[in-house]
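Visitor: Could you take me through a close look at one part of this structure, the packing of two helices, and then show me what else is worth a stop along the way?

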Amino acid sequence: MLKVGVIGVGSISEFHIKPYLKHPEVELVALCDLNEERLHQKAGQYGVSAVYNDYRNLLENDEIEAVSICTWNNTHAEIAIAALEAGKHVLVEKPLSMTVEEAIAVETAAKQSGKIAQIGFVRRFGDNAKVLKKFIGSGDLGEIYYAKASILRRLGNPGGWFSDKKLSGGGPLIDLGVHVIDLCWYLMGKPKAVTVTGNVYSRLGNRSHIENLDYYKAADFDPSRNNVEDLTNALIRFENGATLYVDVSFTLHAKQDKISVKLYGDKGGAEVEPQLEIISEKHNTILNMAPQIDHRTLHISNAFEAEIFHFIDCCQGNSTLLAPVSDGVEIMKILSAVYESAEKGTEVTLAND
Ligand SMILES: NC(=O)c1ccc[n+]([C@@H]2O[C@H](COP(=O)([O-])OP(=O)(O)OC[C@H]3O[C@@H](n4cnc5c(N)ncnc54)[C@H](O)[C@@H]3O)[C@@H](O)[C@H]2O)c1
């Protein structure tokens with residue numbers, strides 16, 4: 001039995017806790033949260049007896065072998081490093097950190113500990129991404145030279161810590177952009193990013209005056225806090241000449257929310273979202289192919305279960321990491337460069353190492 005703990009038991013922790021409880025070779029033995037009431041409510045709900053307010057006390061519990069870190073972004077690096085130093089395997093939610101320096105420190109701690117250190121790039125574990133990865137791996141798209149990704153929410157600033165730059169590191173770019181930038185980068189074969197041009201806009205605020213429309217909210221929702229951007233767009237150029245264009249928003253005067261992730265290669269193309277579709281040509285005819293799979297769009301609980309089960313497999317030595325923290329570092333470099341470019345109003349060149 002692999003004994004695990006979950007640090008941070010707010011909204012997303014449910015998607016970690018449930019797969020841990022479901023897995024036959026895992027025992028969820030401890031929970032931790034700063035919020036006493038939430039901690040005890042979750043412990044009661046899931047029958048977990050060891051509860052901690054301070055993650056350091058949880059890490060002192062020797063029976064715990066692995067932890068999920070589901071706290072605010074500003075604590076990811078600190079807790080991940082402490083957990084690795086305490087000899088625990090770590091699954092840390094995205095983004096890996098708020099800065100590149102912190103991200104590199106997590107990677108270094110992971111190397112030194114020899115423990116499993118996985119970043120929560122859950123979209124890699126969706127059936128749509130997994131199926132497409134096989135097609136790409138077999139050369140069906142040829143060389144992918146352009147990708148385009150959008151998550152445009154007309155109303156969807158989660159509030160609370162998400163909207164406090166000191167705790168989140170930024171707005172829709174670091175929260176939503178991180179997912180689709182990673183997904184494209186991963187499906188493109190992880191090319192090295194060389195230049196980034198980014199723009200951020202804070203024009204609408206969080207639109208918390210809008211009525212009768214529901215949206216994802218932090219466990220401690222507080223609409224009065226908001227100093228993050230509403231909209232970011234960016235053009236990322238890679239060493240192989242490929243480019244990725246991305247735009248993401250928390251609020252926008254858009255007709256409706258939209259998610260789209262598209263990849264274009266010299267032999268074929270693909271749409272991962274809003275649903276998997278593979279585009280090709282044969283006998284002088286263009287083919288739009290709809291893979292017959294249960295979930296052509298991201299099925300969030302299935303993808304989380306696949307992510308957590310993969311983490312467990314890796315902890316047990318049965319699999320190699322599909323989303324190592326080193327990938328979290330590369331994505332942090334891109335995210336930081338987007339914010340830097342927006343601030344300077346110029347293109348930013350990424351350091352070559
Ligand atoms: N993979 C995904 O699709 C996805 C989706 C949503 C959120 N997330 C990530 O998960 C993390 C949590 O997001 P959320 O929506 O659950 O937020 P949340 O506000 O609902 O929950 C966060 C919890 O962490 C607790 N916490 C914060 N700092 C702590 C600390 N130092 N020690 C112990 N507890 C602490 C808070 O009290 C709160 O209960 C974020 O990093 C977010 O980016 C990932």
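**A pair of packed helices**

Guide: Gladly! Helix α6, residues 127-137, packs against helix α8, residues 172-187, at an angle of about 30°, and their axes are 10 Å apart. Please keep in mind that this is a predicted model. Angles under 35 degrees count as roughly parallel, and α6 and α8 are therefore roughly parallel to each other.

Now let us look at the side chains where the two helices meet. From α6 come Ala 129, Leu 132, Lys 133 and Ile 136, and they meet Leu 183, Tyr 186 and Leu 187 of α8. By character, the residues of this contact between α6 and α8 divide into six nonpolar, no polar and one charged. The charged one is Lys 133 of α6.

Helix α8, residues 172-187, also takes us on to the ligand. His 179 has a side-chain N or O atom 3.2 Å from an oxygen atom of the ligand. Two other side chains make polar approaches of this kind. His 76 places a polar side-chain atom 2.8 Å from a ligand oxygen atom, while for Tyr 216 the distance from a polar side-chain atom to an oxygen atom of the ligand is 2.6 Å. As for the ligand's surface, it exposes 840 Å² when taken alone, and the protein buries 94% of that. There are 26 residues around the ligand, and those that come nearest are Asp 33, Arg 38, Asn 73, Trp 161 and Tyr 216. Tyr 216 thus appears both among these nearest residues and in a polar pairing with the ligand.

Before you go, a few backbone details in the loops deserve a glance. Between Lys 94 and Pro 95 the peptide bond is cis, with omega near -15°. Pro 95 sits in the loop that runs between β5 (89-93) and α5 (100-113). Another cis peptide bond joins Glu 273 to Pro 274, where omega is about 10°; this proline, Pro 274, belongs to the loop between β12 (269-273) and β13 (277-282). Finally, Asn 212 is a residue other than glycine with a positive phi, near 65°. You will find Asn 212 in the loop between β8 (193-201) and β9 (231-238).

Definitions and conventions
Residues are numbered from 1 along each chain as its sequence is written. This is a predicted model: local features need pLDDT of at least 70, side-chain atom pairs count only at pLDDT 80 or more; totals for chains, interfaces and linings use all residues. Side-chain values use heavy atoms; hydrogens and water are left out. Axes are lines fitted to C-alpha atoms, for helices over the stretch in contact, and angles run from 0 to 180 degrees between N-to-C directions. Helices (H or I, at least four residues) and strands (E, at least two) are DSSP runs, numbered from the N terminus. Angles under 35 degrees count as roughly parallel, over 145 as roughly antiparallel, 65 to 115 as roughly perpendicular and the rest as oblique. Contact means heavy atoms within 4.5 Å. A residue is near a molecule or strand if one of its heavy atoms lies within 4 Å of it. A polar contact is a pair of N or O atoms within 3.5 Å; within protein, one must be able to donate a hydrogen and the other to accept it, and residues adjacent in sequence count only if both atoms are side-chain atoms. Accessible areas come from the Shrake-Rupley method with a 1.4 Å probe; for residues, only the protein chains shown count as cover.
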